[in-house]
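Here is a friendly walk through one protein model, from its surface to its charged pairs. Keep the picture open while you read.

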Amino acid sequence: MAFDSSPLHVEVVSADGLIWQGDALSVIARTLEGDIGIMANHEPLLAILVPSAAEVLSVDGKREVVAVDGGFLSVAENRVSLLSSYARLAHEISLPEAERELAAAQKALEDGDASTETMQHVHRASAQVRAAKRAAEKH
């Protein structure tokens, strides 16, 4: 089979809608089994995402960092979909605000509030902090 140098078509979708889409050289995301890198012609894959900062390297060389609070990664025929109930581009995140949110959520957890809402708040704030820090490292 001949090598196909087509770029990946990537979509990042949250419950609020399409967060980012475009052609990319690679995607790095964190799954239950660890970090995975996706490049053109990757074999089909479906994986569970964990709260983290995913990275997309677009064909123009721009790195997009996206906070996700879990969800799914789907790869097939040079198409990559990151599907998460929450996703936000790192450049839209205020690191000090995300750190305050994480501290408040962790305090609620330490005070005995292990509700689904508190756990979701911890995951989202943690993903935002990771994404904002990772984006800052690249600049």
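On the surface, Leu32, Leu46, Ile48, Phe72 and Leu83 make up a nonpolar patch, and together they have about 520 Å² of accessible area. Such areas come from the Shrake-Rupley method with a 1.4 Å probe, and for residues only the protein chains shown count as cover. Patch members have over 30% relative accessible area and no salt bridge; like charges are joined within 9 Å, and nonpolar side chains (Val, Leu, Ile, Met, Phe, Trp, Tyr) within 5 Å.

Before going further, note that this is a predicted model: local features need pLDDT of at least 70, side-chain atom pairs count only at pLDDT 80 or more, and totals for chains, interfaces and linings use all residues. Residues are numbered from 1 along each chain as its sequence is written, and side-chain values use heavy atoms, with hydrogens and water left out.

One patch member, phenylalanine 72, sits in strand S5 (residues 63-76). Strands (E, at least two residues) and helices (H or I, at least four) are DSSP runs, numbered from the N terminus. Phenylalanine 72 is partly exposed because its relative accessibility is 44%; buried means under 20%, exposed over 50%, and partly exposed in between (1.4 Å probe, protein chains only).

Asparagine 78 belongs to the loop between S5 and strand S6 (79-83). With a relative accessible area of 12%, asparagine 78 is buried.

Now look at helix H2 (residues 116-137). Its 22 residues should span 32 Å at 1.5 Å a residue, and the end C-alpha atoms are indeed 32 Å apart. The expected span is 1.5 Å times one less than the number of residues. Among the buried residues of H2 are Val122, Ala125 and Val129. Their cover includes strand S4 (45-58), S5, strand S7 (87-89) and helix H1 (95-110), where contact means heavy atoms within 4.5 Å.

Finally, the charged pairs. The structure holds 7 salt bridges, each a side-chain nitrogen of Lys or Arg within 4 Å of a carboxyl oxygen of Asp or Glu. Here are some of them:

| Salt bridge | N to O distance |
|---|---|
| Arginine 63 and glutamate 55 | 3.0 Å |
| Glutamate 55 and arginine 134 | 3.2 Å |
| Lysine 62 and glutamate 64 | 3.4 Å |

Glu55, Arg63 and Arg134 are joined into one network by salt bridges that share partners. Where do glutamate 55 and arginine 134 lie? Glutamate 55 is in strand S4 and arginine 134 in helix H2, so this pair ties together parts 79 residues apart in sequence. Glutamate 55 is buried at 7% relative accessibility, while arginine 134 is partly exposed at 24%.
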